[in-house]
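Thanks for sharing this one. Here are a few notes to read alongside the model.

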Amino acid sequence: MANPTIAVVGAGIIGCLIAREVISRAPDTPVVVFERDGIGSGTSRRSAGLHFPRGATERVRKMTAYSQDYYERLVAKHPLLPIYSLDMTVVATHTAARIGEVYLDRAALTPADTVPGRMIRVPREARIWRGAGCHYADVSTVAQAMARELRPRVTFREGMRVTAISDAGEEVILRLSTGETCTAGRVVLAPGPWLGDRAWCELVAPMGARVKKVAAIHIEREPRPDEGVVVFQDEDAFLLPLRHRGHWLFSYTCQEWDVDPDAVSDGLDEGVLGAALPLLHRYAPALVEHVAGGRVFCDAYSLDREPQVRALDPAGRVIFAGAANGSGYRLAPAIAAEAVGLLRVEGQTRQSSKEMSPT
């Protein structure tokens with residue numbers, strides 16, 4: 001009899017939602033989640049957690065819509081989760097003509113003359129839209145809450161690094177940092193930016209995904225209740241009011257590639273500030289003097305800028321789920337649905353990734 005156990009490697013938001021999806025579709029399936037650190041650590045702990053209804057491709061827009069519905073149901077079931085609704089303002093100049101192609105209809109974008117509040121300086125040639133459908137989350141806490149919900153049906157093994165993965169015919173053998181071995185019928189890799197880990201680097205190398213630094217700076221100014229997220233579409237940057245923490249976060253696109261996640265978490269440096277501050281000064285000069293810190297980490301990026309959900313071996317026993325291009329939280333529910341669709345869990349008619357029916 002084939003081993004029914006499903007092993008998930010990585011307990012960030014994607015890994016936790018994959019485990020939740022398996023149990024939702026097939027409650028009796030044995031699931032074990034391995035995490036080298038703690039649940040919700042790594043990229044999830046450092047994520048801005050912003051969800052907005054947009055996507056550069058048709059697949060990403062569909063995944064965004066699925067995930068938005070998923071999170072709305074999740075909040076309805078667990079109203080105390082740290083997921084906070086936000087108004088949205090979009091500012092664009094060079095990309096203004098394509099706004100309607102990028103944002104979903106549910107964003108309900110309407111032209112506006114100004115940005116709420118007085119801190120944003122908009123160039124004359126720019127256009128402004130107001131929109132809906134945004135929220136942000138404390139991603140690490142959400143991942144931990146999902147793990148709490150899944151216990152004891154799912155086994156979480158924190159502080160357990162997978163050091164090798166090998167095919168043993170009808171099952172997969174995982175070797176652990178403790179010297180133990182575990183067997184599973186199928187494995188889902190959700191390693192975040194740890195693409196180069198020796199346990200699976202050869203398996204994931206054909207995807208061509210790369211690891212890029214992700215940085216944001218913290219602005220010590222209390223957000224007002226009427227202030228929402230401001231998206232600078234041309235620059236792929238945003239100002240996010242982190243109301244639960246009492247300050248703002250400014251995220252911008254960093255272009256430092258092929259970094260090591262085990263060496264990149266050293267905090268801000270001159271390069272980060274040198275790239276972020278001129279952009280902040282262009283749009284919100286009054287905030288520059290309030291910059292007081294930030295967060296630096298990295299994420300995996302795919303060649304086509306769409307999340308990668310695919311089998312890594314001919315038998316389909318090892319599935320990769322990730323390389324979400326900095327949108328791991330926003331697309332996590334849809335990534336989980338696609339990944340579990342490839343697992344063929346019992347008690348669930350197999351669905352294509354294009355269907356992504358709600359659980």
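The points below take up a sheet, a hairpin and two helices.

1. Please keep in mind that this is a predicted model. With that said, a good place to begin is the open sheet of six strands, which has mixed pairing and the order 7-2-1-11-18-17. Its edges are strand 7 (154-158) and strand 17, each of which pairs on one side only. From one strand to the next, the twist averages 15°.

2. For a parallel pair, have a look at strand 1 (residues 6-9) and strand 2 (residues 31-35), joined by four bridges. Ala7 has Val32 of strand 2 as its bridge partner. Helix 8 (residues 328-341) packs on the sheet, where it touches strand 11 (186-189), strand 17 and strand 18. The direction of helix 8 makes about 170° with that of strand 18.

3. Strand 17 (residues 308-311) and strand 18 (residues 318-322) run antiparallel, again with four bridges. Arg310 stands opposite Phe320 here. The two strands form a hairpin with six residues between them, and Gly316 in the turn has a positive phi of about 70°.

4. Now for helix 7 (residues 270-283): at 1.5 Å a residue, its 14 residues should span 20 Å, and the end C-alpha atoms are indeed 20 Å apart. Asp269 caps the N-terminal end, with a side-chain oxygen 3.0 Å from the backbone nitrogen of Gly271.

5. Which residues of helix 7 are buried? They are Val272, Ala276, Leu279, Leu280 and Tyr283. The spacing is worth a thought: an α-helix has 3.6 residues a turn, so residues three or four places apart point the same way. Among the elements covering the buried residues of helix 7 are strand 4 (83-92), strand 12 (210-219) and strand 16 (291-301).

Definitions and conventions. Residues are numbered from 1 along each chain as its sequence is written. This is a predicted model: local features need pLDDT of at least 70, side-chain atom pairs count only at pLDDT 80 or more; totals for chains, interfaces and linings use all residues. Side-chain values use heavy atoms; hydrogens and water are left out. The expected span of a helix is 1.5 Å times one less than its number of residues. Buried means under 20% relative accessible area, exposed over 50%, partly exposed in between (1.4 Å probe, protein chains only). Contact means heavy atoms within 4.5 Å. A polar contact is a pair of N or O atoms within 3.5 Å; within protein, one must be able to donate a hydrogen and the other to accept it, and residues adjacent in sequence count only if both atoms are side-chain atoms. Two strands pair if DSSP finds at least two bridges between them. Axes are lines fitted to C-alpha atoms, for helices over the stretch in contact, and angles run from 0 to 180 degrees between N-to-C directions.
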